[in-house]
Structure formats: C-alpha cells, structure tokens
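Dear colleague,

I am passing on to you the structure that we spoke about, with the sequence beside it. Please have a look at it before you read the notes underneath.

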Amino acid sequence: MSELDFNGRKVLVVGGSSGIGNGIAQSFRRRGADVHIWGTRPTADDYAKEAGSDLDGLGYTQVDVSRAEAIAGAPLPFDRLDVLVHSQGIVLYKRAEFEPEGWDRVMAVNIDSIMHISMRFHAQLAAGKGAMIVVSSVGAIRATKGNPAYAASKAAAASLVKTLGQAWAGDGIRVNGIAPSLVDTKLTSVTMAHANRREKALARIPLGRFGQVEEMAGVVLFLASPLASYVCGQTIVVDGGLTL
C-alpha cells in the first residue's frame with residue numbers, strides 16, 4: 001500500500017472551491033479520500049463556469065469563515081476527520097488593507113478563522129490521530145508592500161502552526177503548513193494578468209518558472225501522509241527558490 005494512498009480517509013479542505021485549495025481537494029480525492037470543501041458561494045453549481053474550480057466528486061458547504069458564529073454553526077461533514085486543510089484566504093488591493101475595515105476583513109478570514117475552525121474540529125482530529133495543514137504564503141517571511149494585513153496574517157498563520165504543532169502533538173494531531181510563492185490562481189491575477197509585473201516576478205525565481213497548483217498539493221499530500229510522521233509544527237516553503 002502506498003503511503004500516499006488516502007483510500008477511505010475523511011478530508012475537509014476549507015477554501016477548496018478554487019485555486020490551490022481546489023487542487024489540494026482534488027489531489028486527495030484522486031487518491032481515494034472522501035473530500036468535503038467549504039466555500040463562499042451558496043452551492044457547488046455556482047462554481048461550474050469558474051476557471052480553476054473543479055468540484056466534481058467533492059462534498060460542499062457554504063460557510064462564511066469570517067464569522068465565528070457561522071463556523072460554530074456549520075454542520076460537521078463527517079463523523080470523523082483524518083485531515084483538515086486550511087486554504088482559505090483573501091487579499092485586498094489599492095491600499096484597502098491600510099484601512100480598518102480592510103484590515104479586519106483580511107485578518108478575520110486569513111488568521112482568525114484558522115483558529116476557530118481548528119478548535120471546532122480538534123476533537124475529531126484527536127480521535128483519529130489526524131493531520132492539519134495550513135496554507136500560508138511566502139508573505140509570512142518577506143514584505144508585501146501594499147498588503148500589510150495579508151503579510152501579517154500569513155506570518156501569524158505560520159506562527160500558529162508552530163504553537164498548535166507543539167500544543168496538539170500530545171493529542172496525536174500533527175500540525176504543519178506550506179508557504180507557496182506565486183502560483184497562477186485567481187488570488188494572484190493582479191500580477192499574472194499584467195505582462196510587466198509577471199516578468200519582474202519571474203525574474204526573481206531561481207527555478208525560472210512559477211509554481212503549479214499540483215506542486216503545492218503534492219507537498220500537502222506529503223505532510224498528511226505517513227511519510228511525514230515525524231514532521232511537526234513546520235511550514236515548508238514552496239517557492240522555487242524565491243526567498244533564498
């Protein structure tokens with residue numbers, strides 16, 4: 001049996017409706033997992049024509065993770081949980097994050113919800129000796145000039161991985177994370193859709209190309225698998241060498 005065989009495992013991917021989260025969800029599904037995702041739209045059908053969204057074979061619930069009460073009231077997707085992936089995230093442009101409303105919105109989604117959701121599923125993860133993986137960003141370790149809330153929230157997420165990794169190891173829960181750099185998704189379209197910005201960003205990557213959603217998913221699969229059974233509280237940078 002392959003260490004990357006997740007047949008029969010129960011997986012929840014928060015923010016799994018598009019981009020990196022969707023790639024992660026489908027990667028688990030292709031390896032036999034029963035996968036449920038939380039998204040922002042009323043139904044899975046609302047993503048049918050969205051580029052970068054493939055909800056085929058995935059369970060779906062609309063949850064506004066910016067609201068603690070919505071998290072607390074969301075139905076449990078399974079009677080047990082083996083893997084919890086946090087891939088929720090937003091970024092605001094045109095200096096909106098410098099304003100209180102923008103700051104609060106980004107922090108609510110990008111960091112507050114991670115703690116609220118983690119606590120909601122702690123008992124299920126502990127019962128199954130499960131794994132939790134948090135998708136942060138290289139913004140956790142380098143400046144993002146126009147996005148203070150995004151950078152601060154991602155740094156906080158990486159720190160939370162360390163703390164929960166230590167706090168929950170005794171419960172049998174392994175907590176880790178990944179920090180991607182630029183991957184061509186809806187969240188990075190402000191760079192990817194502009195040739196000049198895209199070329200400048202590409203020039204800073206030693207591997208000479210942008211990352212792929214599948215490459216981010218591969219590291220998450222590793223962290224959720226027995227191959228990473230002694231990895232605890234770590235955030236793996238997946239950036240093609242950008243931050244070297």
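The notes below go from the whole chain to the sheet, and then to some aromatic rings and one loop residue.

Please keep in mind throughout that this is a predicted model. The protein chain has seven helices and seven strands, and from the N terminus on these elements follow one another as β-α-β-β-α-β-α-β-α-β-α-α-α-β. The radius of gyration is 17 Å, close to the 18 Å that the globule rule gives for 244 residues, so the protein chain is as compact as a globular protein of that length. The C-alpha trace spans about 50 × 40 × 40 Å along its principal axes. Of the 244 residues, 50% count as buried, while the chain exposes about 11600 Å², of which carbon and sulfur atoms supply 53%. If one takes the contacts with a separation of 6 or more, 73% of them are accounted for by residues 24 or more positions apart.

Turning to the sheet, you will find an open arrangement of seven strands in the order S3-S2-S1-S4-S5-S6-S7, with parallel pairing. Strand S3 (59-62) and strand S7 (235-238) stand at the edges and have a single partner strand each, so one side of each is left without a neighbour in the sheet. On average, and with direction ignored, neighbouring strands of this sheet are turned by 20 degrees against each other. One of the pairings joins strand S1 (residues 10-14) to strand S4 (residues 83-86), in the parallel sense and over four bridges; here Val13 stands opposite Val85 in S4.

Two helices that pack on the sheet deserve a look. Helix H3 (residues 100-127) touches S1, strand S2 (34-39), S4 and strand S5 (131-135), and its direction makes about 175 degrees with that of S4. Helix H4 (residues 148-168) touches S5, strand S6 (174-180) and S7, and the direction of H4 makes about 160 degrees with that of S6.

As for the aromatic residues, a search of the whole structure finds three aromatic pairs, and I describe two of them here. The rings of Trp38 and Phe121 have their centres 5.8 Å apart and their planes at 55 degrees, so this pair is tilted. Because Trp38 lies in strand S2 and Phe121 in helix H3, the pair ties together parts that are 83 residues apart in sequence. Trp38 counts as buried, at 2% relative accessibility, and Phe121 also counts as buried, at 0%.

In the other pair, the rings of Tyr47 and Tyr60 have their centres 5.8 Å apart and their planes at 65 degrees, so this pair is edge-to-face. Tyr47 is in the loop between S2 and S3 and Tyr60 is in strand S3, 13 residues apart, and the pair links distant parts of the chain. Both Tyr47 and Tyr60 are buried.

Finally, there is Glu50, whose place is in the loop between S2 and S3. At 22% relative accessibility, Glu50 counts as partly exposed. Glu50 and Ser17 are 33 residues apart in sequence, and their C-alpha atoms are 9.5 Å apart in space.

With kind regards

Key:
Residues are numbered from 1 along each chain as its sequence is written. This is a predicted model: local features need pLDDT of at least 70, side-chain atom pairs count only at pLDDT 80 or more; totals for chains, interfaces and linings use all residues. Side-chain values use heavy atoms; hydrogens and water are left out. Two strands pair if DSSP finds at least two bridges between them. Axes are lines fitted to C-alpha atoms, for helices over the stretch in contact, and angles run from 0 to 180 degrees between N-to-C directions. Contact means heavy atoms within 4.5 Å. The radius of gyration is taken over C-alpha atoms; the globule rule is 2.2 Å times the number of residues to the power 0.38. Buried means under 20% relative accessible area, exposed over 50%, partly exposed in between (1.4 Å probe, protein chains only). Accessible areas come from the Shrake-Rupley method with a 1.4 Å probe; for residues, only the protein chains shown count as cover. Rings of Phe, Tyr and Trp (its six-membered ring) pair if their centres lie within 6.5 Å; planes under 30 degrees apart count as stacked, over 60 as edge-to-face and the rest as tilted.
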